[in-house]
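These are my notebook entries on a structure that I had not examined before. I record what I looked up, entry by entry.

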Amino acid sequence: VCLLFQALRQISQRTISTASRRQLENRVSENQKLFQEDNGLPVHLKGGAKDSLLYRTTAGLTVFGTMYVVYYLLVSSMPKKPN
């Protein structure tokens, strides 16, 4: 039992290590330039085609969800027909 706890402790210490496995390039200044650029685009679309697709998908799902809720409320408000 003691060996099991020691093994679990070693595994948990390895996975919660603060050392990163690979160094990532710092691109904050590049992103700041991109998002602060005055090109007439709203900030939620400045990321390019991926942002546009994500925005349109979210808007479409929101419209569909709203229409479904209204439909379901109308159906739920109707009295049920007796058999």
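Is Val28 buried, partly exposed or exposed, judged by its relative accessible area? I looked up Val28 and found a relative accessible area of 48%, so I entered Val28 as partly exposed. The model is a predicted one, and I read every value below with that in mind.

**Entry 1: helix α2**

I placed Val28 in helix α2, which covers residues 28-36. Leu34 also has its place in helix α2. For Leu34 I noted a relative accessibility of 33%, and because buried means under 20%, I entered Leu34 as partly exposed.

**Entry 2: overall form**

I then turned to the whole protein. I counted 3 helices and 0 strands, and from the N terminus the order of elements reads α-α-α. The radius of gyration is 26 Å, whereas the globule rule gives 12 Å for 83 residues, so I described the protein as more spread out than a compact globule. Along the principal axes, the C-alpha atoms fill a box of roughly 70 × 55 × 15 Å.

**Entry 3: surface and charge**

I asked what share of the 83 residues counts as buried. The share is 1%. The exposed area of the protein comes to about 8500 Å², and 62% of that area is supplied by carbon and sulfur atoms. I also looked up the charges: there are 11 positive and 5 negative ones, and their mean positions lie 19 Å apart.

**Entry 4: the annotated segment**

I consulted the UniProt record, an unreviewed entry, which lists residues 53-74 under "transmembrane region". In the model, residues 53-74 are 100% helix and 0% strand. The C-alpha atoms at the two ends of residues 53-74 are 32 Å apart.

**Entry 5: aromatic rings**

How many aromatic pairs does a search of the whole structure find? I recorded 2 aromatic pairs. For Phe64 and Tyr68, the ring centres are 6.5 Å apart and the planes meet at 20 degrees, so I entered this pair as stacked. Why are Phe64 and Tyr68 separated by about one helical turn? I found that they are 4 residues apart in helix α3, residues 49-77, and this spacing accounts for the separation of about one turn. Ring pairs link Phe64, Tyr68 and Tyr72 into a cluster.

I checked the accessibility of the stacked pair as well. Phe64 has a relative accessible area of 54%, so I entered Phe64 as exposed. Tyr68, at 47% relative accessibility, counts as partly exposed.

**Entry 6: Arg56**

I found Arg56 in helix α3. Its relative accessible area is 62%, and Arg56 is therefore exposed.

**Entry 7: distances between residues**

Finally, I looked up three C-alpha separations. Leu34 and Lys46 are 12 residues apart along the chain, and their C-alpha atoms are separated by 7.3 Å. Val28 and Tyr55 are 27 residues apart along the chain, with 23 Å between their C-alpha atoms. Arg56 and Gln36 are 20 residues apart in sequence, and I recorded 23 Å from C-alpha to C-alpha.

Notes: Residues are numbered from 1 along each chain as its sequence is written. This is a predicted model: local features need pLDDT of at least 70, side-chain atom pairs count only at pLDDT 80 or more; totals for chains, interfaces and linings use all residues. Side-chain values use heavy atoms; hydrogens and water are left out. UniProt positions are given in the numbering used here, feature names are shortened, and annotations may be inferred rather than shown by experiment. The radius of gyration is taken over C-alpha atoms; the globule rule is 2.2 Å times the number of residues to the power 0.38. Buried means under 20% relative accessible area, exposed over 50%, partly exposed in between (1.4 Å probe, protein chains only). Accessible areas come from the Shrake-Rupley method with a 1.4 Å probe; for residues, only the protein chains shown count as cover. Lys and Arg count as positive and Asp and Glu as negative; His and the chain ends are not counted. The place of a charge is taken as NZ of Lys, CZ of Arg, CG of Asp or CD of Glu. Rings of Phe, Tyr and Trp (its six-membered ring) pair if their centres lie within 6.5 Å; planes under 30 degrees apart count as stacked, over 60 as edge-to-face and the rest as tilted.
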